[in-house]
Amino acid sequence: MNYKIVNRNTGATHFLNEEEKETLFKINGKLQYDTYNLTKAKARRTNRMLDLLAHLCILGLSILATLLYIQNYC
């Protein structure tokens with residue numbers, strides 16, 4: 001997994017993998033850093049886009065079905 005580590009005091013940003021993150025926390029301590037899991041953030045973005053696509057497909061299908069019904073029965 002990839003992480004974005006931000007030092008709360010200085011604002012310095014580090015992009016580290018799991019092993020590097022653990023090494024950094026052993027040396028400097030964990031309390032002075034904000035940690036963001038970039039792998040999970042990317043997965044959440046992908047899932048949101050897929051949800052949007054599914055909703056748009058359902059909306060398009062219902063519009064198409066309505067138009068076909070109007071064309072055939074009205």
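Let's start with one pair of residues in this predicted model: Asn2 sits opposite Asn17, which belongs to strand β2. That pair is part of the match between β1 and β2, which run antiparallel and are linked by five bridges. Lys4 has a partner in β2 as well, since it stands opposite Phe15.

Now look across to β3. Strand β1 covers residues 2-7 and pairs with β3 in the antiparallel sense, again over five bridges. Lys4 turns up here too, standing opposite Tyr36 in β3. Tyr3, for its part, stands opposite Asn37 in β3.

Here are those facing residues in a small table.

| Residue | Stands opposite | Strand of the partner |
|---|---|---|
| Asn2 | Asn17 | β2 |
| Lys4 | Phe15 | β2 |
| Lys4 | Tyr36 | β3 |
| Tyr3 | Asn37 | β3 |

What order do the strands take in the sheet? It goes β2-β1-β3, giving an open sheet of three strands with antiparallel pairing. The edges are held by β2 (13-17) and β3 (33-37), and each has a single partner strand, so one side of each has no neighbour in the sheet. The sheet isn't flat either: on average, neighbouring strands are turned by 25 degrees against each other, ignoring direction. If you're wondering what holds such strands together in general, strands of a sheet pair through backbone hydrogen bonds.

Between β1 and β2 you'll find a hairpin with five residues between the strands, and there Gly11 takes a positive phi near 80 degrees.

Next, the charges. Side chains of opposite charge can pair when their charged atoms come close. How many salt bridges does a search of the whole structure find? The count is two. Arg8 makes a salt bridge with Asp34, and their closest N and O atoms are 2.7 Å apart. Because Arg8 is in the loop between β1 and β2 while Asp34 is in strand β3, the pair ties together parts that lie 26 residues apart in sequence.

Then comes helix α2, residues 38-73. At its start, a side-chain oxygen of Asn37 reaches to within 3.1 Å of the backbone nitrogen of Thr39. You can check the helix length yourself: at 1.5 Å a residue, the 36 residues of α2 should span 52 Å, and the end C-alpha atoms are indeed 52 Å apart, so the two agree.

Leu56 is found in α2. This residue also helps make a nonpolar surface patch of about 870 Å², together with Leu52, Leu59, Ile63, Leu67, Tyr69, Ile70 and Tyr73.

Note on methods
Residues numbered from 1 in each chain as written. Predicted model: local features only at pLDDT ≥ 70, side-chain atom pairs only at ≥ 80, totals over all residues. Heavy atoms only, no water. Patch = residues over 30% accessible without salt bridge, like charges linked within 9 Å, V, L, I, M, F, W, Y side chains within 5 Å. Areas by Shrake-Rupley, 256 points an atom, 1.4 Å probe, with all protein chains shown as cover. Salt bridge = Lys/Arg side-chain N within 4 Å of Asp/Glu carboxyl O. Helix = DSSP H or I, 4+ residues; strand = E, 2+ residues; numbered from the N terminus. Expected span 1.5 Å × (residues − 1). Polar contact = N/O pair within 3.5 Å; in protein donor to acceptor, adjacent residues only side chain to side chain. Pairing = 2+ DSSP bridges. Axes fitted to C-alpha atoms, helices over the stretch in contact; angles between N-to-C directions.
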